[in-house]
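Take a look at the chain below, and keep the viewer open while you read. We'll go through the charged pairs, the fold, the pocket and a few backbone oddities.

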Amino acid sequence: MFDLDIRSRKPIYEQLVDKLKELIIHEVFKADQKLPSVRLLAKELTINPNTIQKAYRELEHQNYIYSVPGKGSFVTPQVDTLNNEKVKKMKEELVKLLAEAMYLGMDKDEILSLISQAEKAVKGGSDSD
């Protein structure tokens, strides 16, 4: 489930954050589902529990998970009001990236193809076309 590269220049906690985000986005972990405990994950991945805790704190800061003292960490259900600011910021970043891509020679069809790929990835590869 977790492929971490210990030789990577990217810190292990960041790799873990990225992987957990991916699993949450692709709904492998559903809303309000309990995540593996820090101890269990540390034992499974043979990494320091503090590294797992740091990744969980980062995910909590980014509103992907929430913690219940004595119970563990859970996936945050997506609420539109909480995501509005995040979506607004992401749209601004996307416009910048798309403008740069077009400047570098990508055409509209290539960009739309990439959007289709991303949509399929999020929906688990199901075709709705």
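A salt bridge here is a side-chain nitrogen of Lys or Arg within 4 Å of a carboxyl oxygen of Asp or Glu. Keep in mind that you're looking at a predicted model, where side-chain atom pairs count only at pLDDT 80 or more. With that in hand, a search of the whole structure turns up two salt bridges. The general idea is simple: side chains of opposite charge can pair when their charged atoms come close.

One of the two salt bridges links the side chains of K10 and D18, with 2.2 Å from N to O. How exposed are these two residues? K10 is partly exposed at 35% relative accessibility, and D18 is partly exposed too, with a relative accessible area of 33%. Both values count as partly exposed because that class runs between the 20% limit for buried and the 50% limit for exposed.

The side chains of K19 and E22 also meet in a salt bridge, at 3.7 Å from N to O. K19 and E22 are three residues apart in helix 1, so about one helical turn separates them. E22 has 40% relative accessibility and therefore counts as partly exposed.

Now zoom out to the fold. The secondary structure comes to five helices and two strands, and along the sequence the pattern reads α-α-α-β-β-α-α. The C-alpha trace spans about 50 × 40 × 30 Å along its principal axes. Of the 129 residues in the chain, 23% are buried.

For a buried example, go to L59, which sits in helix 3 (residues 49-61). L59 has 0% relative accessibility, so it counts as buried. Its C-alpha atom is 9.9 Å from that of E14, although L59 and E14 are 45 residues apart along the chain.

Try another pair, S8 and Q33. S8 is in the segment before helix 1 and, at 30% relative accessibility, counts as partly exposed. S8 and Q33 are 25 residues apart in sequence, and their C-alpha atoms are 30 Å apart in space.

Next, the strands. Strand 1 (residues 65-68) and strand 2 (residues 72-75) run antiparallel and are joined by four bridges. If you want a register marker, I65 has V75 as its bridge partner in strand 2. The hairpin has three residues between the strands, and there G70 takes a positive phi near 80 degrees.

Positive phi values deserve a second look when the residue isn't glycine. Most residues other than glycine have a negative phi. Which residues go against that here? E27 has a positive phi near 60 degrees, and D32 has one of about 65 degrees. E27 lies in the loop between helix 1 (12-25) and helix 2 (38-45), and D32 lies in the loop between helix 1 and helix 2 as well. D32 counts as partly exposed, with 43% relative accessibility.

On to the empty space. Rolling a probe the size of a water molecule over the atoms shows where empty space is left. How much space lies in the largest pocket? The answer is about 1,100 Å³. This pocket is lined by 30 residues, and those that lie nearest its centre are I25, Y64, M90, L94 and V122. Helix 1, helix 4 and helix 5 (108-122) are the elements that give two or more residues to the lining. Which of them gives the largest share of the lining? That would be helix 4, with eleven residues.

Finally, turn to the nonpolar surface. M90, L94, L97 and L98 make a nonpolar surface patch of about 380 Å². L97 is found in helix 4 (residues 80-103). L97 has a relative accessible area of 54%, so it counts as exposed, given that exposed means over 50%. M90 and L94 are worth selecting in your viewer: both are in this patch, and both are among the residues nearest the centre of the largest pocket.

Terms used
Residues numbered from 1 in each chain as written. Predicted model: local features only at pLDDT ≥ 70, side-chain atom pairs only at ≥ 80, totals over all residues. Heavy atoms only, no water. Pairing = 2+ DSSP bridges. Patch = residues over 30% accessible without salt bridge, like charges linked within 9 Å, V, L, I, M, F, W, Y side chains within 5 Å. Areas by Shrake-Rupley, 256 points an atom, 1.4 Å probe, with all protein chains shown as cover. Buried < 20%, exposed > 50% of the residue type's maximum accessible area, 1.4 Å probe, protein only. 1 Å grid on protein atoms, 1.4 Å probe; cavity = no way out; pocket = protein on both sides within 12 Å on 5 of 7 lines; lining within 4 Å. Points joined across faces, edges and corners; volume = space filled by probe spheres on them.
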